[in-house]
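User: I am new to reading protein models and would like to go through one part of this one slowly. Please explain each term as you come to it.

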Amino acid sequence: MEAMDFRREGLRSARGAVGRVKAAGLRRDERGCVNGAACRMQAVDLKPGGFGAGEKWRARVGLLAGSKPWISACTGLFAARARCYFYAPLPNTQGSVDFPTVEFEYGDTDSRGAELAELYSYTEEPELSTNRRCFEEEFCPQGMGSVFSAPRHRAAPRPTHRSVPSAARGRQWPELDTAQQRAQILRLLEGLEVVSRERRLRAARAILYLAQGVFGDCESEGDVLHWSRHNSFLLYQLGTFSAFLELLSMEIDNSQACSSALRKPAISLADSTELRVLLSVMYLLVENIRVELETDPPEWKSCRETFRTELSFPMRSDEPFALLLFTMVTKFCSGHAPHFPMKKVLLLLWKVLLFTLGGFEALQVMKVRRREELGLPPLPEDSIQVMRSMRAASPPTCSIELAEQQQKRGHRSRRPLMKQDSLDIYNERDPFKNDETGVDEEEGDEVDGGIEGELDLMERDALLPTIPAQRPPIERVSFPKGLPWAPKVRQKDIEHFLEASRNKFIGFTLGQDTETLIGLPRPIHESVKTLKQHKYVSISDVQIKNEEELEKCPMSLGEEEVQETPCEVLYRAMLYNLPQYMIALLKILLAAAPTSKAKTDSINILADVLPEEMPITVLQSMKLGIDVNRHKEIIVKSISALLLLLLKHFKLNHIYQFEYVSQHLVFANCIPLILKFFNQNIMSYITAKNSISVLDYPHCTVHELPELTAESLEAGDNNQFCWRNLFSCINLLRILNKLTKWKHSRTMMLVVFKSAPILKRALKVKQAMMQLYVLKLLKIQTKYLGRQWRKSNMKTMSAIYQKVRHRMNDDWAYGNDIDARPWDFQAEECTLRASIEAFNSRRYDKPQDSEFAPVDNCLQSVLGQRLELPEDFHYSYELWLEREVFSQPIRWEELLRYQ
């Protein structure tokens, strides 16, 4: 009875796995997981033969799912819940002492192989064989046969992708010359135009096999990637992308498929087969052509530029290709098309934006060129290179480690206090430093010291005898030559400084005059000179000033010349539905966040990962559970990357375009959503191993698949961290920074939602770029957190001083801010919104500018104009004269006065 009660309590707690193990009288290994699949089944009263009794399995899954009938009907969630049920690892109750530095290099994307592998879920792996079989049935190097022939007898599915050598069917694809390859592709493209839906799908699968690299004719992963890229250029040159775009438009408008999906209680992979094939081919074309190599022939380079232009500017329709994908996202979130494979749509949308708009390095080049065009001084440094050269700081100490340190300190005599060195720069561990013994007033699981971690006291005892006591600590610390960032000063900062100085010394102000210094002391003159030396004028400042002038003098300044860039075309196309696009993206991000709970009204983002058949073994349940978690991680990665790209490019194109997107993200609760995402164990998320390397493309296409076991799935790969998860975290932090920078009302949202302890936990990840953006977010709200918080987090304050750019005259550490008046917050957002609406109306609502059109005031010319009257006007002419002319009194006094 005690065992049953213990197990019931364990199911309701975070340590349910431990309770089940103890209830079954089993051992647990060092990693906190149950030993072996058989033991796990015993722990939940299951037989080793699998889930023979389906009712008990459904009952347990229903209990875990909260007894929701719609979840019980969804077969794929059985496995996802089962993985949490059987394989929930024990929490690390000892606290992590060792935080290794994460060797992560931030970039536009991961490696090419990893980006291609994330396109496919593990449940789609059998379809690789189907694609190969469709190609082999249509492939005829001697020119015999046709894609229009009747369907032949198909062989049974092969157990692996390489079970039958290509030599058994004649010549291989790599052996054909370019002319023969083109002929084969043209034959396959003809198959896309037939009426039969099944034959079109066969031809599309054969083309997908070509885009996947004809892996049946390859011996290594490098060969697969080479032929995938070669075939992608060949396919695009023959018009494959345009043909698949037409098919995609047909599938989006397929009302029969939408209604069929709406009637189903649970949607699976089978409901989106055609869409997944089409999107996969288009993604492979975009990703392979987008990547530029030095060895590319000239025709490939010209082909790349043509493809970029085709995606950027509308050719056959009135909208760019990215807008079609945005429409798919909103249609999916509205519930009208629940079968859309959202992961593939978002990945393709991200890569299309990256290809057409440009990545982060291209953005930096565009920024430098734009500053030259506006006559602004060059940038003080390259921010990408500065962040790559920065080193990570030590993470905060866990509260359990702190308690152990205090307990050990109680058994030893207290050391005399010694002088603390300046900043503990660059992760130098100084054994002479004293411990921070305070506990954060907002956070119970961290030390108040912030991110500058120190050695354990046991390690210090070992180090102290080896170091001479007379040696000063300052000699062992490697100080940098200077701070990483050049300080910046805004024009507004100079005006505020002079306003305060004039009020103090003269008693009146001169407005925005920053040149007149009469009556001010000499030190003020020197201060103003120093501020002007570091004055930074951004592109946004120039754009705002130009916009104000256009609003004041629309007639004299004339029409604004707008450069037709891909970013401008995209914004114009997105403008009127942009709020819906942002809401839809945030809805999907919320559903994919690891901290989100399953709700009845939430959208189902697992339509393109759930199989048709319910898993029947523990191994299948584990595999599907890993696949579901990987699926969500990829969705978070793609949404975070494309939102950041949109914000950065819109900000460079025009500041009010950026502000329009930002406001709708804020109105859609993007700030609390990102904070909710980070309100988890970030170290666990960064080091998550939701991948099976042997099943990743292209590894699975050229190697024999080993036998998977529960232990091998649990072990995962040997990577120190998950690239996509760390990439997603940095992107979300950068988005949060862009939304809140110089916006006091949004900064107060960070304070209201108690983001400080959440952000401090993110500092445990020893990666310089991620720590930098966390420290930026902490800096902007420091003035609102109170003196006690600043006093107990002095090491965090020191880290901010080390790593974040300085703004002269910015008293962020003291809270004496002129702009920090809470009653101005609402007015600030309203003023910004009015400026955005005026900008959109002036630039994009051309028919509404009729009041500025020229008017003819000459009576003779107006009466002499010939007007086209309707044909039936002469029937009602007399009635019109009576109503409009004779019955209206003429006010001669007013008429003569106006003359």
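How many helices and how many strands are there in the protein? After that, please take a close look at helix α14: at what angle do α12 and α14 pack, and which residues are linked with R290 and E287 in a network of salt bridges?

Analyst: Before the details, please keep in mind that this is a predicted model, in which local features need pLDDT of at least 70 and side-chain atom pairs count only at pLDDT 80 or more, while totals for chains, interfaces and linings use all residues. Residues are numbered from 1 along each chain as its sequence is written, and side-chain values use heavy atoms, with hydrogens and water left out.

The protein has 43 helices and zero strands, where helices (H or I, at least four residues) and strands (E, at least two) are DSSP runs numbered from the N terminus. Of its 899 residues, 50% are buried, a word that here stands for under 20% relative accessible area, with exposed meaning over 50% and partly exposed lying in between (1.4 Å probe, protein chains only). If we take the contacts with a separation of 6 or more, where contact means heavy atoms within 4.5 Å, residues 24 or more positions apart account for 80% of them.

Now to your helix. Helix α14 covers residues 273–290 and packs with helix α12, residues 240–252, at an angle of about 145 degrees, their axes being 10 Å apart. Such axes are lines fitted to C-alpha atoms, for helices over the stretch in contact, and the angles run from 0 to 180 degrees between N-to-C directions. The crossing of α12 and α14 is left-handed, a name used if the near helix is turned anticlockwise from the far one by less than a right angle, whereas clockwise would be right-handed. On the α12 side, the contact is made by F241, F244, L245, L247, L248 and E251, and these meet E274, L275, L278, L279, V281, M282, L285 and V286 of α14. Sorted by class, this contact of α12 with α14 has twelve nonpolar residues, no polar ones and two charged ones; Ala, Val, Leu, Ile, Met, Phe, Trp, Tyr, Cys and Pro count as nonpolar, Asp, Glu, Lys and Arg as charged, and the others, Gly among them, as polar.

Helix α14 also takes part in salt bridges. Side chains of opposite charge can pair when their charged atoms come close. The rule used here asks for a side-chain nitrogen of Lys or Arg within 4 Å of a carboxyl oxygen of Asp or Glu, and by this rule the count comes to 35 salt bridges. One of them joins R290 to E287, at 3.0 Å from N to O, and both of these residues lie in α14, three residues apart, which is about one turn of the helix. Both R290 and E287 are buried.

This pair belongs to a wider network of salt bridges, in which E287 and R290 are linked with E115, E118, K351, E633, K637 and R724. Within that network, K351 forms a salt bridge with E115, and their closest N and O atoms are 3.0 Å apart. K351 sits in helix α17 (residues 342–357) and E115 in helix α7 (residues 112–117), so this pair, 236 residues apart, links distant parts of the chain. Like R290 and E287, K351 and E115 are buried.

A little further along the sequence, D296 forms another salt bridge, with R304, where the closest N and O atoms are 2.7 Å apart. D296 has a relative accessible area of 6% and is therefore buried, and R304 is buried because its relative accessible area is 1%.

Finally, two places elsewhere concern the backbone. Most residues other than glycine have a negative phi, and most peptide bonds are trans. V214, although not a glycine, has a positive phi of about 35 degrees; V214 lies in the loop between α10 (197–211) and α11 (221–237), and counts as buried because its relative accessibility is 0%. The peptide bond from Y697 to P698 is cis, with omega near 5 degrees, and P698 lies in the loop between α31 (682–686) and α32 (699–702).
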